[in-house]
Amino acid sequence: MFATAFHTSRHYILFTAMACLCVLLGGPSYAAGADSLFIAGDTYYEPGVSGPGWAWTDADHLELTGYVGEAIGADGDLVVTLVGQNSVVETHAPDADISMSGMEVWGNLTLRGSGSLTATGSQCGIHVAQALVVDGCTVDARADGAGVVGQTVAGIAAGSLTVRGGERVVAAGAGSDASLRFYGVRLLDEGFGTDAASKTLVVDESWLDATGTDAGVACDRGSLVAAHFVTPAGGAFSAASVVDADGAVTPHVVIEPDGATGPAGETESPVGEVPGDGTGEPTGGADPSAGQPGAASATDPAVKPAATPLKTTVAKTTVTKTTKPKSTMATTTALPKTGDSHWIAVSLTLFLLGTVLLSTAYRC
């Protein structure tokens, strides 16, 4: 009798083990995406919700269709599809889970689609902790420094920026407060750590117009693909910013595709525009071995003495968000879903193994 009970208990153990393994490993995997979405003054924790001009259809996908309203924030990776003209403005509610930016994403952000986005904030028009990719859509991001204390101000602040798909990005940081630092595009390492992809600008056959009192584009390295500097003449990537032919940091940077005459629907002419003949344009970016700007350094030693030196004494451009400091998210510029194929293979293997064990147990 004891032998029979022991034999039966072994079957229960095997069945239980197989069931647990199938539940833990055989179920569908979940896509990387946002844990929460802040939009139009409210915070949502599950996708499948929508409102005027927006729909959060999936954890990593938000669609804007003519959205005009308060700021948008996401705690995690997000892909935003733009349809028509869209506009986001900084939220001033004291209890909002986002502050001082038109759009703020604590992860990777991809903006895509046939539409456009205008983002306005005090500290940042768009703030992305990790990689920002603008793919085939038009983006206008501006910040004026209103109410900002002891921080840098940028139209776009991100770990890295890639502009591709042949459309136009305008980024501007300008204001009257002489105690602040203003940038058009400011690339940081807050979400990347020491990853080599941080502080990198890539413009692939597209337009970028960046203006900042202290620097149009502040980054460690960059590369142009089928594109060239229009402003400044003889522009180049230095160790911490775009500089002109004399090595001086330039407050206005214009990049356009090779052979282009100007983007369709251009509304403003670059100040001091020079014909883009390709003279002096870089093809491979900056020298990665050049010195990195220290967080507390007053000037960048790698940039030649200039009439307008790049100031980097202020802390990284982080919005005053303390509840969810995302610094360990994935650092890829794409936002892929985790495939289910690996889980299926593992589950099948475990099921077959369990079947063999059960067959052996019955024979015993």
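## Overall picture

The chain exposes about 16400 Å² of surface, and carbon and sulfur atoms supply 60% of that area. This is a predicted model. The chain has 364 residues, and buried residues make up 47% of them.

Strands and helices come next. The chain contains 25 strands and two helices. Now look at contacts with a separation of 6 or more. Of these, 66% are between residues 24 or more positions apart.

## E104 in strand β10

Find strand β10, which covers residues 101-105. E104 is part of this strand. Is E104 buried or exposed? Its relative accessibility is 1%. The limit for buried is under 20%, so E104 counts as buried.

The side chain of E104 also has a partner. It makes a polar contact with the side chain of W106. The distance of this contact is 2.4 Å.

## Two positive phi values

Most residues other than glycine have a negative phi. With that in mind, turn to K199 and A226. K199 is not a glycine, yet its phi is positive, near 60°. A226 is not a glycine either, and its phi is positive at about 50°.

Where do they sit? K199 lies in the loop between β17 (181-187) and β18 (200-204). A226 lies in the loop between β21 (221-225) and β22.

Their accessibility can be read in the same way. K199 has a relative accessibility of 14%. That value is under 20%, so K199 counts as buried. A226 has 37% relative accessibility. Partly exposed covers the range between under 20% and over 50%, so A226 counts as partly exposed.

## A cis peptide bond

Most peptide bonds are trans. Which kind of bond runs from T231 to P232? The bond is cis, and its omega is near 5°.

Locate P232 by its neighbouring strands. P232 is in the loop between β22 (227-231) and β23 (236-237).

## Cysteines and disulfides

How many disulfides does the structure hold? The number is zero.

Two cysteines are worth finding in the model. C137 is buried, because its relative accessible area is 1%. C219 has 1% relative accessibility, so C219 counts as buried too.

Notes. Residues numbered from 1 in each chain as written. Predicted model: local features only at pLDDT ≥ 70, side-chain atom pairs only at ≥ 80, totals over all residues. Heavy atoms only, no water. Helix = DSSP H or I, 4+ residues; strand = E, 2+ residues; numbered from the N terminus. Buried < 20%, exposed > 50% of the residue type's maximum accessible area, 1.4 Å probe, protein only. Polar contact = N/O pair within 3.5 Å; in protein donor to acceptor, adjacent residues only side chain to side chain. Contact = heavy atoms within 4.5 Å. Areas by Shrake-Rupley, 256 points an atom, 1.4 Å probe, with all protein chains shown as cover. Disulfide = S-S within 2.5 Å.
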